[in-house]
Amino acid sequence: MDSKLNEIKYRFEEVEKQLSDPDVISDQKIFRELNKEHSQLSPVVNKINEYMMCVKDLADSKELLNSEHDPEMKEMLSSEISSLEERIKDLNDKLMLMLLPKDPNSGKDIIIEIRAGTGGDEAALFAADLFRMYTRYAETKRWKVEYLEVNTNEIGGFKEVSFSIKSPEAYDIFKYESGVHRVQRVPETEAQGRIHTSAVTVAVLVEAEEDELVIDPNDIRTDVYRSTGHGGQSVNTTDSAVRITHIPSGMVVTCQDEKSQIKNKAKALRVLAARLLEKMNAEKLAKESEIRKSQIGSGDRSERIRTYNYPQSRMTDHRIGLTLYSLEKILEGDLDDMFDALKKFENESLLKSMK
């Protein structure tokens with residue numbers, strides 16, 4: 001373990017030197033990557049330094065204890081040794097977690113797409129509830145949320161909605177949300193009071209960073225058309241809506257949220273880039289180990305991951321067997337307990353796989 005810790009410290013010092021090199025500073029891509037690595041290594045190195053200091057203090061205290069004859073001093077040193085051993089064990093556990101393999105998408109901004117599935121209008125209404133839940137959580141963290149595209153139905157639900165969240169923490173938190181979310185409740189339109197089950201699909205995509213994915217302009221076809229639905233003066237009067245078709249993959253992205261055709265196209269291209277990046281990552285994931293594929297943040301959107309039961313005020317995450325009886329708070333964006341449990345489960349699974 002010590003050799004691994006020394007390797008990390010050496011790499012951190014190397015990165016710090018490179019960040020002050022004028023040639024590196026002038027290359028924005030390399031500078032950005034090194035800066036990201038520096039920010040990831042910094043808390044680890046601080047914890048390593050604390051760990052190594054405690055190990056040194058423990059060795060010094062044991063040496064003193066062996067040469068000490070005064071009973072009172074020996075008792076004090078024994079107490080200090082016990083305290084240091086506990087502290088070293090705690091720091092070792094924390095370092096093991098910090099040294100777990102990093103997700104390559106960690107630190108990236110994300111795009112979340114929510115689509116109504118089985119259940120018709122009731123599914124669309126629940127899609128709107130999930131959208132509100134996620135955006136409220138992001139707002140409590142002061143993360144920037146941006147609408148990308150909204151397709152509503154007649155009663156205020158969302159057939160589909162996509163939005164971006166900008167924060168270095170966004171992906172690490174929301175990566176667990178891809179999959180099928182099931183809701184059990186009595187619809188407002190149900191006169192008999194029968195419980196209906198509906199489903200909504202959530203996809204969490206990472207935003208493609210500059211130079212990470214280049215889309216050949218010759219590979220896309222752009223169509224413009226008159227926007228529809230609720231909106232300002234431009235709706236139904238100008239060809240501001242944009243449909244982009246990626247010819248090689250057949251992917252189609254539409255955007256009509258903005259009054260400007262240029263802005264709609266820029267948003268549509270962001271979504272297309274995120275979907276293409278997800279496709280690339282999925283193909284890579286299929287070739288990787290079973291351990292990686294079994295992680296709860298693997299992004300399989302066909303997997304039923306969670307049930308929200310309104311009559312019992314219950315939320316159950318089927319992947320980790322977590323049940324919380326605080327549905328109202330959860331739907332208001334109080335998601336920390338759920339996300340903490342998912343993170344803990346993943347960390348424990350990774351630690352077991354490394355033993």
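How many ångströms should the 28 residues of helix α4 span at 1.5 Å a residue, and how far apart are its end C-alpha atoms? This tour of a predicted model begins there.

**First stop: helix α4**

Select residues 71-98, which form helix α4. At 1.5 Å a residue, the helix should span 40 Å, and its end C-alpha atoms are 40 Å apart, so the two values agree. Next, display the side chains of Leu 77, Ile 81, Leu 84, Ile 88, Leu 91 and Leu 95, which are the buried residues of α4. To see part of what covers these buried residues, add α1 (2-19) and α3 (28-67) to the selection.

**Second stop: the eight-stranded sheet**

Now turn to the open sheet of eight strands, whose order is β2-β3-β1-β5-β4-β9-β10-β11 and whose pairing is mixed. Its edge strands are β2 (144-152) and β11 (322-324), each of which pairs on one side only. Neighbouring strands in this sheet are turned against each other by 15° on average, direction ignored.

Select β1 (110-116). Is this strand mostly covered or mostly uncovered? It is mostly covered, for five of the seven residues of β1 are buried. Six bridges join β1 to β3 in the antiparallel sense, and Ile 114 stands opposite Val 161 in β3. With β5, β1 also pairs in the antiparallel sense, over seven bridges; there, Ile 112 has Val 204 as its bridge partner.

Move on to β4 (residues 179-185), which runs parallel to β9 and is joined to it by five bridges. Label Val 183 and Tyr 308 to find a pair of residues that stand opposite each other, the latter in β9.

**Third stop: helix α5 across the sheet**

Keep the sheet visible and add helix α5 (residues 121-140). Its 20 residues should span 28 Å at 1.5 Å a residue, and the end C-alpha atoms are 29 Å apart, which agrees. Helix α5 lies across β1, β2, β3 (158-166), β4, β5 (196-206) and β9, and runs at about 10° to β3. Following the helix is Arg 142, which has a positive phi, near 60°.

**Fourth stop: two nonpolar cores**

In soluble globular proteins, nonpolar side chains tend to be buried together. The largest nonpolar core of this model has 57 residues; the members that touch the most others are Ile 112, Ile 114, Leu 130, Tyr 134, Ile 165, Phe 174 and Phe 339. Which element gives the most to this core? Helix α5 does, with nine residues.

Centre the view on Ile 114. Beyond residues up to four places away in sequence, Ile 114 touches Ala 127, Leu 130, Phe 131, Tyr 134, Lys 159, Glu 160, Val 161, Phe 163, Val 200, Thr 201 and Val 202. A second core, separate from the largest, has 17 residues, including Leu 5, Ile 48, Tyr 51 and Ile 81. Ile 81 was already met among the buried residues of α4.

**Fifth stop: Arg 306**

Select Arg 306 in strand β9 (residues 304-309). Is this residue buried or exposed? Arg 306 is buried, with a relative accessible area of 0%. Its side chain makes polar contacts with the side chain of Tyr 308, at 3.2 Å, and with the side chain of Asp 317, at 3.0 Å.

**Sixth stop: the three-stranded sheet**

Another open sheet consists of three strands in the order β6-β7-β8, with antiparallel pairing. Each edge strand, β6 (220-225) and β8 (251-255), has a single partner strand, so one side of each is left without a neighbour in the sheet. Six bridges join β6 to β7, and Thr 222 stands opposite Ile 244 in β7.

Within β7 (residues 241-246), select Thr 245. This residue counts as buried because its relative accessibility is 10%, under the 20% limit for a buried residue. Apart from its neighbours within four places in sequence, Thr 245 is in contact with Asp 219, Ile 220, Arg 221, Met 251 and Val 252.

**Last stop: Leu 351**

Finish in helix α10 (residues 336-354), where Leu 351 lies. Leaving out residues up to four places away in sequence, Leu 351 touches Met 96, Leu 97 and Leu 100. For a distance across the model, select Glu 177 as well: its C-alpha atom is separated from that of Leu 351 by 22 Å, and the two residues are 174 residues apart along the chain.

How values were computed:
Residues numbered from 1 in each chain as written. Predicted model: local features only at pLDDT ≥ 70, side-chain atom pairs only at ≥ 80, totals over all residues. Heavy atoms only, no water. Helix = DSSP H or I, 4+ residues; strand = E, 2+ residues; numbered from the N terminus. Expected span 1.5 Å × (residues − 1). Buried < 20%, exposed > 50% of the residue type's maximum accessible area, 1.4 Å probe, protein only. Contact = heavy atoms within 4.5 Å. Polar contact = N/O pair within 3.5 Å; in protein donor to acceptor, adjacent residues only side chain to side chain. Pairing = 2+ DSSP bridges. Axes fitted to C-alpha atoms, helices over the stretch in contact; angles between N-to-C directions. Core = buried A, V, L, I, M, F, W, Y, C linked by side-chain atoms within 4.5 Å.
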